[in-house]
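Please open the structure in your viewer and keep the sequence panel visible. This tour proposes one selection after another and states what is found at each.

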Amino acid sequence: LRPKLFLGRYRGTAGWWKEAELDKDRAQWGGEVAAAKLTGHLNPQEITVYIDEEDLAKVLGLHRLRKDPAGDVEALCRFWRPDAIPSNKDMVHPLLVYADLMATGNQRNLETARMIYDQHIIQLVREG
């Protein structure tokens with residue numbers, strides 16, 4: 001699924017995401033940034049943003065992101081309706097954050113994914 005969602009790689013100024021606020025109706029943090037916000041455990045190296053495709057140019061312009069094939073910002077097309085999944089502020093659902101981290105195979109991300117599973121996902125499994 002991920003390759004089909006890929007909108008491009010971009011770069012912003014160093015640490016731009018720390019102060020950036022996303023309009024959850026247009027875009028949401030995924031991957032390492034969302035994991036850092038959920039756990040306070042990770043220092044993001046890769047920035048993943050799920051964006052509604054029609055809002056891509058607006059989000060890029062607002063945050064001064066420029067196209068860069070080697071950039072640390074990965075823009076992915078949001079594949080769900082924002083009103084279909086309970087709001088998690090400006091972050092995607094913890095289950096998607098978990099999947100993003102697991103897909104990297106990176107040890108520090110796998111440790112953080114486990115924390116997210118224990119803190120946010122296990123109760124969903126128990127409820128079901």
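**First stop: a loop residue**

Select Arg-64, which is placed in the loop between α4 (56–62) and β4 (66–67). Helices (H or I, at least four residues) and strands (E, at least two) are DSSP runs, numbered from the N terminus. Arg-64 is exposed, with a relative accessible area of 72%. Here, buried means under 20% relative accessible area, exposed means over 50%, and partly exposed lies in between (1.4 Å probe, protein chains only). What is the phi of Arg-64? The value is positive, about 55°, although Arg-64 is not a glycine. Most residues other than glycine have a negative phi.

Before the next selection, please note the conventions. This is a predicted model, in which local features need pLDDT of at least 70 and side-chain atom pairs count only at pLDDT 80 or more, while totals for chains, interfaces and linings use all residues. Residues are numbered from 1 along each chain as its sequence is written, and side-chain values use heavy atoms, with hydrogens and water left out.

**Second stop: the whole protein**

Now display the entire chain as a cartoon. The protein has 6 helices and 5 strands, and along the sequence they follow the pattern α-β-α-β-α-β-α-β-β-α-α. The C-alpha trace spans about 40 × 30 × 30 Å along its principal axes. Of the 128 residues, 46% count as buried.

**Third stop: the sheet**

Select the strands alone. They form an open sheet of 5 strands in the order β2-β3-β5-β1-β4, with mixed pairing. The edge strands are β2 (27–30) and β4, each of which pairs on one side only. Two strands pair if DSSP finds at least two bridges between them. Strands of a sheet pair through backbone hydrogen bonds, either parallel or antiparallel.

**Fourth stop: strand β5**

Next, select residues 73–77, which make up strand β5. Is this strand largely enclosed or open? Of its 5 residues, 5 are buried, so β5 is largely enclosed by the rest of the structure. Turn the view to follow the side chains: Val-73, Ala-75 and Cys-77 point one way, whereas Glu-74 and Leu-76 point the other way.

Add strand β1 (residues 6–11), which runs antiparallel to β5 and is joined to it by 4 bridges. Within this pairing, Phe-6 has Leu-76 as its bridge partner in β5, and Arg-9 has Glu-74. Then add strand β3 (residues 47–51), which runs parallel to β5 and is joined to it by 5 bridges.

**Fifth stop: Thr-48**

Select Thr-48, which lies in strand β3. In β5, the bridge partner of Thr-48 is Glu-74. Thr-48 counts as buried, because its relative accessibility is 6%.

Which residues does Thr-48 touch? Not counting residues up to four places away in sequence, Thr-48 is in contact (heavy atoms within 4.5 Å) with Arg-2, Gln-28, Trp-29, Gly-30, Gly-31, Glu-74, Leu-76 and Asp-100. Of these, choose Trp-29 and draw a distance line to Thr-48: the two are 19 residues apart in sequence and 6.1 Å apart in space, C-alpha to C-alpha.

**Last stop: the chain as a whole again**

Return to the full view. Among contacts between residues at least 6 apart in sequence, 76% join residues at least 24 apart.
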